[in-house]
Every structure is written in C-alpha cells, then in structure tokens.
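Hi,

Here is the structure I promised to pass on. Please have a look at it first, and then read my notes underneath.

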Amino acid sequence: MLPTTSVNSRSQGNGALSPRDAARHTAGAKRYKYLRRLFHFRQMDFEFALWQMLYLFTSPQRVYRNFHYRKQTKDQWARDDPAFLVLLSIWLCVSTVGFGFVLDMGFFETIKLLLWVVFIDCIGVGLLIATLMWFISNKYLVKQQNRDYDVEWGYAFDVHLNAFYPLLVILHFIQLFFINYVIISDSVIGYFVGNTLWLIAIGYYVYVTFLGYSALPFLKNTAILLYPFALLVMLYLISLACGWNFTKMLCSFYKYRVK
C-alpha cells in the first residue's frame, strides 16, 4: 500500500471535523475518488490537462498556481482528475512505439519494450521517486512552526509527473528525429547533440520538481532541490571530454531489454 498523509481541512468551531467531513477528507477517500474517475473518460477535463502540458514547457509556475487554487477550493494539493495521467500514458506509448521503429525492432520486441517503459521506467520509478521525495520533504523540509501541515503523497506523485513530461517529450520524441542520422554516429557532433538533449531534459526535471515543492508555503530550504544542477553540468562536461554517448547507451540498453 502506498504511503498516505492526512490533509488539514477547515475545522468547526470546536476545532474538530464532523464525522462526515472527516471521512470525505481522508487520503483513502480522495484516492478512491481519483481511481474511480480513471474509468470515466467523460468526467475528465482533457482540455485543461493539455493546457498544463503546454505550460510545463513555457511557464511551469502557472501550473503550480493552479495547485494553489485547488487547495483553496477542494482542500487538497494533489490532482483529483486523472486526465493528465491518461494523456501522459498515451504520449509514453506513442513515443515508445516510435523508439521501436527507429531502432528497427519487430512487433513483439516493441510491445515488450512498451511494457518495460510503462510499468518499470514510468510507474515503478515514479512511485519510488515520489515516495522518496514525500519522505524527505516531510522529514526535513517542513517548517517547525507548521508541523500540522505535511506533503500529500499524491502531490509528490503529481510533481514527478509534471517533471517527467518535458523529459519524456525531449528524450522520447524530439530526440527520435536525430538518433539514426546524427546522435548515434561515431562523431563529436553526435554525442554533443545527444548529451545536450539529456542535459536539457534532466535539467527540466530538476527545475520543475523544485517549483513543485517551493510552491508549498509550509516548506523551507527548497532551494537545495536545485543542487543536482551542479552535478548534472559536471557530468555533462565529463561526458563530452570522454566521448560518452548517453543516447547510444540508452539504445543499447533498450535492445538488451527486449532480447
């Protein structure tokens, strides 16, 4: 079972929630509502989810301002509409099929790669990262004077999805047009283009993750989430000096997976 946290709600005059309101605001009730809507496409706001995907590239701060609005109106930080997750899954499936085509994989090899990417790379790694960030933020970043507040696990997972989407588009879509003709060639320009795309993609992930946690008013010292930038730039420079080609290694790894 995934870790959950209770969400502070507006209390009554005596400082306690009524039994009805308490049941409605539990993490389990919110999770049930989210999963139930996952099977009702007509209840999902795909237009708004597309708006969020666009602004994650152009102005991610606006996306997190909407999370503030949700907290004020629905008393939760995490999304209550799975439309973003559904569209992200579609993007992931389409781009992975494109990867299979570019790498000249057969039908069954592409299906196998798709299952690996969806259930291990996206869902499995996403659950792990969200749980780790949920623990770290609640353990070390919550302000002392606001101990009654905590980071919802669902919000931590939403932050991961927000940060993962630009990375997915850059590495699993834009990069496809350059792999065979530029990136995997044994030339300086090849690993320069490929590694630069990796730098941009992971840099986006770090930045959007930082914005997600810095948007929570009860967290402190969120600037430390930007520290991986230094390690990222250092690794990028070392890779150029040593001639490492991250995309070529990824392609070899994908081919090894489907053997």
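Below is what I found in it, going from the overall fold to single residues.

Please keep in mind that this is a predicted model.

**Overall fold**

The protein has eleven helices and zero strands, so along the sequence the pattern reads α-α-α-α-α-α-α-α-α-α-α. Of its 259 residues, 45% are buried. If you take the contacts with a separation of 6 or more, 75% of them link residues 24 or more positions apart.

**What the record says**

An unreviewed UniProt entry lists "transmembrane region" for residues 83-102, 114-136, 163-184, 196-219 and 225-247. I looked at two of these stretches in the model. Residues 114-136 are 100% helix and 0% strand, and the C-alpha atoms at the two ends lie 31 Å apart. For residues 163-184 the helix content is 68%, again with 0% strand. The end C-alpha atoms of that stretch are 26 Å apart.

**The nonpolar core**

The largest nonpolar core holds 66 residues, and the members that touch the most others are Tyr 64, Phe 99, Tyr 155, Phe 164, Tyr 213, Leu 219 and Tyr 254. Helices that each supply at least two residues to this core are H3 (46-58), H4 (60-74), H5 (83-102), H6 (107-141), H7 (153-172), H8 (179-183), H9 (188-214) and H11 (246-257). The largest share comes from H7, with 14 residues.

Leu 219 is worth a click in your viewer. Apart from neighbours within four places in sequence, Leu 219 is in contact with Ser 137, Leu 141, Val 142, Lys 143, Val 151 and Tyr 213. Tyr 213, one of these partners, is also among the core members that touch the most others, and Tyr 213 turns up again in the next section.

**Cavities**

Searching the whole structure gives two cavities of 30 Å³ or more. Here I describe the second largest, whose volume is about 40 Å³. The residues lining this cavity are Ile 129, Ala 130, Met 133, Ala 156, Val 159, His 160, Tyr 205, Thr 209 and Tyr 213. H6, H7 and H9 each contribute at least two residues to the lining. By class, the lining has seven nonpolar and two polar residues, and no charged ones.

**Three single residues**

Is Thr 96 buried or exposed? Thr 96 has a relative accessible area of 0%, so this residue counts as buried. Thr 96 lies in helix H5. Beyond neighbours within four places in sequence, Thr 96 is in contact with Leu 113, Leu 114, Val 117 and His 172.

The other two residues have positive phi values without being glycine. For Asp 104, phi is near 60°, and for Asn 221 it is about 55°. Asp 104 lies in the loop between H5 and H6, while Asn 221 is found in the loop between H9 and helix H10 (228-242). Why do I call Asp 104 exposed? Asp 104 counts as exposed because its relative accessibility is 69%, with the cut-off set at over 50%. Asn 221 also counts as exposed, at 54% relative accessibility.

Happy to go through any of this together whenever it suits you.

Best wishes

Key. Residues numbered from 1 in each chain as written. Predicted model: local features only at pLDDT ≥ 70, side-chain atom pairs only at ≥ 80, totals over all residues. Heavy atoms only, no water. Core = buried A, V, L, I, M, F, W, Y, C linked by side-chain atoms within 4.5 Å. Buried < 20%, exposed > 50% of the residue type's maximum accessible area, 1.4 Å probe, protein only. Helix = DSSP H or I, 4+ residues; strand = E, 2+ residues; numbered from the N terminus. Contact = heavy atoms within 4.5 Å. UniProt positions renumbered as here; feature names shortened; annotations may be inferred. 1 Å grid on protein atoms, 1.4 Å probe; cavity = no way out; pocket = protein on both sides within 12 Å on 5 of 7 lines; lining within 4 Å. Points joined across faces, edges and corners; volume = space filled by probe spheres on them. Nonpolar A, V, L, I, M, F, W, Y, C, P; charged D, E, K, R; others polar.
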